[in-house]
Amino acid sequence: MERNRFKEALLGRREFIYTLELVPGRGSRGKTQDDLLKLVEKAAASRLVHAVSITDNPGGHPALSPNVIGLEVSHLGIDPIIHFTCKDKNRNQIESTLYSLDRIGISNLLLMTGDFPLYGFEGKAKPVFDLDSIQLIHLIHEMNRGLEIDGKAPGGGVRLPPTHFLKGCTISHFKKYESEVMVQYYKLYKKVKAGADFLITQVGFDARKFDELLRWMRHEDIQIPVLGNVYILNQAVAKIMNRGGVPGCVVTDELYGIIEKEAMSPDKGRSARLTRAAKQIALLKGMGYDGVHMGGPNLTYEDVEWVVEKSREFSSDWHRWVPEFSFPQKNGFYLFEKDRATGLNTEVPVSRSIKTRKSPGYAIMRFFHHLMFTPDAPLFGLAKWFFKKSEGTWWESFVTEVEYWIKFISSRCRRCGDCTLLEVGFLCPQSQCPKFLFNGQCGGSWEGWCEVFPGKRKCIYVRAYDRLKAYGDEDSLKEGYIPPRNWALDQTSSWANYFLGRDHHAQK
């Protein structure tokens, strides 16, 4: 196993970490790929940057696989971080690809659910999302231990040889509403419980939000290393982000106005944006981040070196730059009270005691759940007896149809046979989440709206939080792990599978 400089530096926590994000283009060859590798050569020679990360079809657009570029990067003498997403691969292909990466010695991964697929060959691509990011982290955690399998492993036994992956995760906490912010933190908690080794934030320019994340991690005793995202914006990309065109990335009107003015200068804002990035690095280092993850359009390696060197000049007076990264969203939610002296946060959490309005539909579903579907419910024993007696009879088929139509009317049921309504505020991820997410919100919501249907459909985890908060149960979204859908149960009765111990509840 070759030495992993990035892993040693990150987990050793003795030096500030610099990583650089690269975006391969579409096609196997071309100027984009050539320029990317030239930049990597310079980074490898200088050894300033600890690792380069390589995106996986960012924005849902097709591009050269990061696995291929990653191997070339490693041969050039610098550690790659492979962005690994769930949007285009089912679980078997995911496992196969992971073992391929382990075999060729690539071990640093940044694990994400992924952006919703967009255009592709002769039309829009089909979204897969067979696993979510937490299920993916859990799978790799088990692979690192030696995956236990049905049948025999190579060389005998029931465990496969262990892999050696370093598991990175992300958080997109630059959100406007309490429901969005909290479900992002809940999901990060689950990611760490599943085995995440380090964290990289989404793109943002709000100092209080960067500070908020570290304070929340301390409150939850989460001690994994965290890198702050430093994205060097030009006007074109800032305009897209300002309009909500990049899932999870926030550029407020105020910030965009500044960038627009800077773009009128003779260098089209280049020196201003590089200086801003240097100040942001100094700010994040001063706050206590373990490193930064840099990126941006049309960056040269010389730009990166200049920004890092300049940041060292700004580091001694890092508090001074807080006002230059104070771009809150209008009426945006913060988890902690503001510190008027520093412009960041105090250790005092804000009050979240105001309850939301109770949903009649949720109240009805909740009533029937407590009537029959909990072990201490009045009708639980009778229901279990009924499904055991009716198994394999015409009654089972009849009840399956009754269940389907009840759930179709209430929840647009897809008849998956393994119901997760209880865990998501009686909202169905199979029918109401385009990414079919069981364990928490993706990072792409915008002001509460679903990434795929902005302005038309609210994110189900935002809706679930509001439903649960009316009863004081919103923290239930933080707990538990839901395994991926078992397709062997497709088109069967989830009620029967629940009472007969065939669904995911039996694993609990």
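Here is a short walk through this predicted model, from the whole chain down to one asparagine.

Let's start with the overall fold. The protein chain carries 18 helices along with 12 strands. Its radius of gyration comes out at 24 Å, close to the 23 Å that the globule rule gives for 508 residues, so the chain is as compact as a globular protein of that length. If you want a feel for the dimensions, the C-alpha atoms fill a box of roughly 75 × 60 × 45 Å along the principal axes.

Now for the packing. Of the 508 residues in the protein chain, 54% are buried. Take the contacts between residues at least 6 apart in sequence: 73% of them join residues at least 24 apart.

What does the outside look like? The protein chain exposes about 23,600 Å², and carbon and sulfur atoms supply 54% of that area. As for charge, there are 69 positive and 60 negative side chains, with the centres of the two sets lying 3 Å apart.

Finally, let's zoom in on Asn229, which sits in strand S9, spanning residues 226-231. Is Asn229 buried or exposed? Its relative accessibility is 7%, and buried means under 20%, so Asn229 counts as buried. Which residues does Asn229 touch, once those up to four places away in sequence are set aside? One run of partners is Ile200, Thr201, Gln202, Val203 and Gly204, and the list also includes Phe210, Gln280 and His293.

Conventions
Residues numbered from 1 in each chain as written. Predicted model: local features only at pLDDT ≥ 70, side-chain atom pairs only at ≥ 80, totals over all residues. Heavy atoms only, no water. Helix = DSSP H or I, 4+ residues; strand = E, 2+ residues; numbered from the N terminus. Rg over C-alpha atoms; globule rule 2.2 N^0.38 Å. Buried < 20%, exposed > 50% of the residue type's maximum accessible area, 1.4 Å probe, protein only. Contact = heavy atoms within 4.5 Å. Areas by Shrake-Rupley, 256 points an atom, 1.4 Å probe, with all protein chains shown as cover. Lys, Arg positive; Asp, Glu negative; His and termini not counted. Charge placed at Lys NZ, Arg CZ, Asp CG, Glu CD.
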